[in-house]
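Please open the structure in your viewer with the sequence panel alongside, and keep a selection tool at hand. The tour proceeds by selections, each followed by an account of what is there.

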Amino acid sequence: MTYVITSNCTQDGECVDACPVDCIAPRKSDEGFGEGVMLYVNPDECIDCGACEPVCPAEAIFSEDNLPDEWQSFIEINRLYYQDAAAAEAAARAYRDSH
Ligand code: SF4
Ligand code: SF4
């Protein structure tokens, strides 16, 4: 299981500060932080601690088990970011623009 960020994300970085294993990107020190579409959880590194969810002011983070149907595609979009960031950003932008 993992946590999943959705395109409600406003990129304020609160979850990045809360995550104990640093598995949310981009990080505040990364070039382009805040200039993309959203942030993404690395599902291979997330330890499912839940620390990110309550600090999110946008209600953009869900545990995979509680992810509403409308956001199911973001399980793959979060994973995709760690393989092809540009493709994940394009998919997230397309979703956001169509909703
Ligand atoms: S559940 Fe914990 S480990 Fe996973 S992204 Fe959130 S804060 Fe990080
Ligand atoms: S706390 Fe929520 S809105 Fe802020 S960067 Fe994380 S997911 Fe996005």
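What follows is a walk through a predicted model, going from a pair of helices to the ligands and then to individual residues.

**The helix pair**

Begin by selecting helix α2, residues 73–81, together with helix α3, residues 85–97; their axes come within 7 Å and cross at roughly 150°. Because angles over 145 degrees count as roughly antiparallel, that crossing makes α2 roughly antiparallel to α3. If you look at the handedness of the arrangement, α2 passes α3 in a left-handed crossing. To see which residues make the contact, select S73, I77, L80 and Y81 on α2, and A85, A87, A88, A91, A92 and Y95 on α3. Colouring these residues by class gives nine nonpolar, one polar and no charged.

**The two ligands**

Next, select ligand 1 and expand the selection to the residues around it, of which there are 14, with C19, C46, C49, A51 and C52 coming nearest. How does the shell around ligand 1 divide into nonpolar, polar and charged residues? The shell contains twelve nonpolar residues, one polar and one charged.

Move then to ligand 2, which is likewise surrounded by 14 residues, the closest being C9, E14, C15, C56 and A58. The residues of this second shell divide into nine nonpolar, three polar and two charged.

**Y40 in strand β3**

Now select Y40, which is found in strand β3. Is Y40 buried or exposed? Y40 is buried, because 25 other C-beta atoms lie within 10 Å. Leaving aside residues within four places in sequence, the contacts of Y40 are I5, I24, A25, N78, Y81 and A88, and two of these deserve to be highlighted again, since Y81 of α2 and A88 of α3 also belong to the contact between the helices. For a distance label, draw a line between the C-alpha atoms of Y40 and A25, which are 15 residues apart along the chain and separated by 5.5 Å.

**From A25 to P26 and G36**

Stay with A25 and inspect the peptide bond that leads from A25 to P26, which is cis, with omega near 0°. P26 itself is found in the loop between β2 and β3.

G36 is the next selection, and G36 is found in the loop between β2 (24–25) and β3 (40–41). With 20 other C-beta atoms within 10 Å, G36 counts as buried. Apart from neighbours within four places in sequence, G36 is in contact with Q11, P26 and E89. A second label can be placed between G36 and T10, which are 26 residues apart in sequence and 9.7 Å apart in space, C-alpha to C-alpha.

**Two positive phi angles**

One of the contacts of G36, namely Q11, leads on to the backbone torsions. Q11 is found in the loop between β1 (3–5) and α1 (14–18), and has a positive phi of about 65° although Q11 is not a glycine. With 18 C-beta neighbours inside 10 Å, Q11 counts as partly exposed.

For another positive phi in a residue other than glycine, select D22, where the value is near 55°. D22 is found in the loop between α1 and β2, and D22 is exposed, with 10 other C-beta atoms within 10 Å.

**S7 and E64**

Return to the loop between β1 and α1, where S7 is found. S7 is buried, with 20 other C-beta atoms within 10 Å. Not counting residues up to four places away in sequence, S7 touches V37, M38, A92, Y95 and R96, and A92 and Y95 are also among the α3 residues of the helix contact. A label drawn from S7 to L67 spans 60 residues in sequence and 13 Å in space, C-alpha to C-alpha.

Finish at E64, which lies in the loop between β4 (61–63) and α2. What surrounds E64, not counting residues up to four places away in sequence? E64 touches M1, T2, Y3, V4 and I75. E64 is partly exposed, with 17 other C-beta atoms within 10 Å. The last label joins E64 to A92, 28 residues apart in sequence and 17 Å apart in space, C-alpha to C-alpha.

Note on methods. Residues are numbered from 1 along each chain as its sequence is written. Chains are lettered from A and ligands numbered from 1 in the order in which they are written. This is a predicted model: local features need pLDDT of at least 70, side-chain atom pairs count only at pLDDT 80 or more; totals for chains, interfaces and linings use all residues. Axes are lines fitted to C-alpha atoms, for helices over the stretch in contact, and angles run from 0 to 180 degrees between N-to-C directions. Helices (H or I, at least four residues) and strands (E, at least two) are DSSP runs, numbered from the N terminus. Angles under 35 degrees count as roughly parallel, over 145 as roughly antiparallel, 65 to 115 as roughly perpendicular and the rest as oblique. A crossing is left-handed if the near helix is turned anticlockwise from the far one by less than a right angle, and right-handed if clockwise. Two residues are in contact if their C-beta atoms, placed from the backbone, lie within 7 Å. Ala, Val, Leu, Ile, Met, Phe, Trp, Tyr, Cys and Pro count as nonpolar, Asp, Glu, Lys and Arg as charged, and the others, Gly among them, as polar. A residue is near a molecule or strand if its C-beta atom, placed from the backbone, lies within 6 Å of it. A residue is buried if 20 or more other C-beta atoms lie within 10 Å of its own, exposed if 12 or fewer, and partly exposed in between; C-beta atoms are placed from the backbone.
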